[in-house]
Amino acid sequence: MADTPITLRLTIADPVPGGRYRLPKADAPLEPVTASEAPLSFDVPIRLSADNRFLGPFVRREGPARRFVYIRIGTSAGDHASPWSRRAKIDIHDIPPALLDRARAGRTLEVVLPGRGKDGSPACATVRPTTSWRAL
């Protein structure tokens, strides 16, 4: 069975207005997006293997099982005037298999993330979702 292309939507509920955000891609960095007061979403195309392994240029790995996607923020997103140089790490290895089946059927899977840390600056490091993954 061939790998199945699926889409993960990462929605930042409350990004820092004026902050620059970007998905990193190993072979060709994507253009950064400047946040406003509105939620900010990134659609991440990945491939899902028959045995539910996540593949593609946006997928990062840590150890034998952990898979995640980064969102770069501030200088990491190419904004050299920013006071921040951050990455938000979003785990994807724990998406339930039933939702992966729905993604295989063409549904986009979305998770909502907090956009700010306790100090009001952009959330970074491992960012825990404010909602569970859901199929749209």
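Here is a quick walk through two strands, a loop glycine and the nonpolar core of this structure. Keep in mind that the model is predicted.

Let's begin with strand β8, which covers residues 85-91. Most of β8 is covered, with 5 of its 7 residues buried. On one side there is strand β7 (residues 66-74), which pairs with β8 in the antiparallel sense over 7 bridges. Within that pairing, valine 69 has isoleucine 90 of β8 as its bridge partner. Strand β10 (residues 125-126) also pairs with β8, this time in the parallel sense over 2 bridges. There, lysine 89 stands opposite threonine 126 of β10.

Now on to β9, residues 109-113. Here 5 of 5 residues are buried. Leu109, Val111 and Leu113 point one way from the strand, while Glu110 and Val112 point the other way. β9 has a parallel pairing with β1 over 5 bridges, and isoleucine 12 finds its bridge partner in leucine 113. β9 also pairs with strand β11 (residues 134-135), in the antiparallel sense over 2 bridges. In that case leucine 109 is matched with alanine 135 of β11.

The pairings look like this side by side:

| Strands | Sense | Bridges |
|---|---|---|
| β7 and β8 | antiparallel | 7 bridges |
| β8 and β10 | parallel | 2 bridges |
| β1 and β9 | parallel | 5 bridges |
| β9 and β11 | antiparallel | 2 bridges |

Just ahead of β9 sits a loop, running between α1 (97-104) and β9, and glycine 106 lies in it. Is glycine 106 buried or exposed? Its relative accessible area is 62%, so glycine 106 counts as exposed, the cut-off being over 50%. Alanine 135 turns up again here: its C-alpha atom is 9.5 Å from that of glycine 106, although the two residues are 29 apart along the chain.

What about the inside? The largest nonpolar core has 33 residues, and Ile71 and Trp133 are the ones that touch the most other members. At least two core residues come from each of β1 (4-12), β4 (40-48), β7, β8, α1 and β9. β4 gives the most, with 5 residues.

Tryptophan 133 is worth a look of its own. Leaving aside residues up to four places away in sequence, its contacts include Leu8 and Leu10, Ile90 and Asp91, and Leu109, Glu110 and Val111. Others that tryptophan 133 touches are Arg9, Ile92, Asp94, Ile95 and Leu99.

Note on methods. Residues numbered from 1 in each chain as written. Predicted model: local features only at pLDDT ≥ 70, side-chain atom pairs only at ≥ 80, totals over all residues. Heavy atoms only, no water. Buried < 20%, exposed > 50% of the residue type's maximum accessible area, 1.4 Å probe, protein only. Helix = DSSP H or I, 4+ residues; strand = E, 2+ residues; numbered from the N terminus. Pairing = 2+ DSSP bridges. Core = buried A, V, L, I, M, F, W, Y, C linked by side-chain atoms within 4.5 Å. Contact = heavy atoms within 4.5 Å.
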